[in-house]
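Hi,

Here is the model I promised to pass on. Have a look at it first, and my notes follow underneath.

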Amino acid sequence: FPSHDRRILGMTKAEIKKKFDEIVAFAEVERFLDTPVKRYSSGMYVRLAFAVAAHLEPEILVVDEVLAVGDAEFQKKCLGKMKDVATGGRTVLFVSHNMGAVTRLCQNGLLLQKGHLIKQGPVEEVISAYAASPMTSELPKNRGPLQNYLQLISSEVTNRKGETVLEKETDLVFRLTYKVKESIRGFVPLVGVEAMGTRIFTLNAGPHDLVAGTTVTFDFMLK
């Protein structure tokens with residue numbers, strides 16, 4: 001990876017030499033060392049960026065949605081590394097919508113909405129507050145659980161043609177149909193898939209202005 005990136009991060013030549021093999025192995029980019037970074041995929045770039053940052057031994061490690069890339073095994077390795085940093089007496093600021101990972105990694109949490117602090121405290125309490133209200137919507141101040149606003153009517157997984165018999169390497173469509181019980185402005189529906197508590201991916205299909213008494217269908221396509 002480019003030397004100017006390492007200088008920006010404050011690494012000396014001795015630190016670079018000491019950490020180089022560890023960083024490359026962690027990022028799993030051994031086969032691509034001769035490839036210019038500008039040709040890396042976004043996933044490879046984030047892998048490398050996280051590996052460099054995590055091996056700098058910083059007092060504060062800021063991680064923003066790094067688990068959105070990579071396979072489940074790499075995500076698990078990232079969580080392990082962040083836990084090592086935290087148990088070593090340093091601070092990890094972990095930004096994520098992956099509640100399973102947040103629960104395993106964090107003791108305290110901050111809930112933000114549009115730049116404003118909504119909740120601060122033990123992570124279990126903050127996650128409960130997050131789960132109790134659709135944070136991406138403009139709901140009334142006395143907002144409650146999502147079930148107060150939407151009633152699930154049906155859900156199905158099909159291919160792009162609407163067929164429920166799926167073949168390998170086909171596009172998937174996650175289709176959810178709801179009855180709107182109370183109007184919502186700017187609602188952004190999300191579908192997330194997790195494995196062993198680790199978020200694999202998140203899809204969104206919004207935003208939408210929903211009107212009470214109507215029926216809506218959201219399609220989430222995975223290509």
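What should the 15 residues of α2 span, and how far apart are its end C-alpha atoms? The expected span is 21 Å at 1.5 Å a residue, and the end C-alpha atoms are 20 Å apart, which agrees. (The expected span is 1.5 Å times one less than the number of residues in the helix.)

Before I go on, some ground rules. This is a predicted model, with local features needing pLDDT of at least 70 and side-chain atom pairs counted only at pLDDT 80 or more, while totals for chains, interfaces and linings use all residues. Residues are numbered from 1 along each chain as its sequence is written, and side-chain values use heavy atoms, with hydrogens and water left out. Helices (H or I, at least four residues) and strands (E, at least two) are DSSP runs, numbered from the N terminus.

Back to α2. This helix bends by about 50° at Lys19, where the bend is the angle between axes fitted to the seven residues ending there and the seven starting there. Lys19 is also one of the buried residues of α2, along with Ile16, Ile23, Val24, Phe26 and Ala27. "Buried" here is under 20% relative accessible area, "exposed" is over 50%, and "partly exposed" is in between (1.4 Å probe, protein chains only).

Right after α2 comes Glu28, in the loop between α2 and α3. Its phi is near 60°, a positive value in a residue other than glycine. Glu28 counts as partly exposed because its relative accessibility is 37%.

Glu28 also turns up among the salt bridges (a side-chain nitrogen of Lys or Arg within 4 Å of a carboxyl oxygen of Asp or Glu). There are four of them by that rule. Glu28 pairs with Lys77, with the closest N and O atoms 2.9 Å apart. That bridge ties together distant parts of the chain, since Lys77 sits in helix α4 and Glu28 in the α2–α3 loop, 49 residues apart. With 27% relative accessibility, Lys77 is partly exposed.

Over in the strands, Arg175 takes part in two bridges. One is with Asp219, at 2.6 Å between the closest N and O atoms. This one links strand β11 (residues 215-222), which holds Asp219, to strand β6, which holds Arg175, across 44 residues. Asp219 is partly exposed at 38%. As for shared partners, salt bridges join Glu28, Arg47 and Lys77 into one network.

The other bridge of Arg175 is with Glu156, at 4.0 Å from N to O. Here strand β6 (residues 172-180) is linked to strand β5 (residues 150-158), and the two residues are 19 apart. Arg175 is partly exposed at 26% relative accessibility, and so is Glu156, at 37%.

Next, the inside. A nonpolar core here is a set of buried Ala, Val, Leu, Ile, Met, Phe, Trp, Tyr and Cys residues joined through side-chain atoms within 4.5 Å. The largest one has 28 residues, and Phe50, Met82 and Phe94 have the most contacts inside it. Two or more residues each come from α2 (13-27), α3 (42-54), β1 (60-64), α4 (72-87), β2 (91-95), α5 (99-105) and α6 (123-132). The largest share, six residues, is from α3. Apart from this core lies another, of 15 residues, including Leu150, Leu176, Val216 and Phe218.

Strand β11 also holds Thr217, which is partly exposed at 44% relative accessibility. Thr217 and Leu152 are 65 residues apart in sequence, and their C-alpha atoms are 9.9 Å apart in space.

Last, the surface. Ile60, Val62, Leu93 and Val95 form a nonpolar patch there, with about 350 Å² of accessible area together. Patches are made of residues with over 30% relative accessible area and no salt bridge, with like charges joined within 9 Å and nonpolar side chains (Val, Leu, Ile, Met, Phe, Trp, Tyr) within 5 Å. The areas come from the Shrake-Rupley method with a 1.4 Å probe, and for residues only the protein chains shown count as cover. Both β1 and β2 give two or more residues to the patch. One of its members, Leu93, is in strand β2 and is partly exposed at 42% relative accessibility.

Cheers
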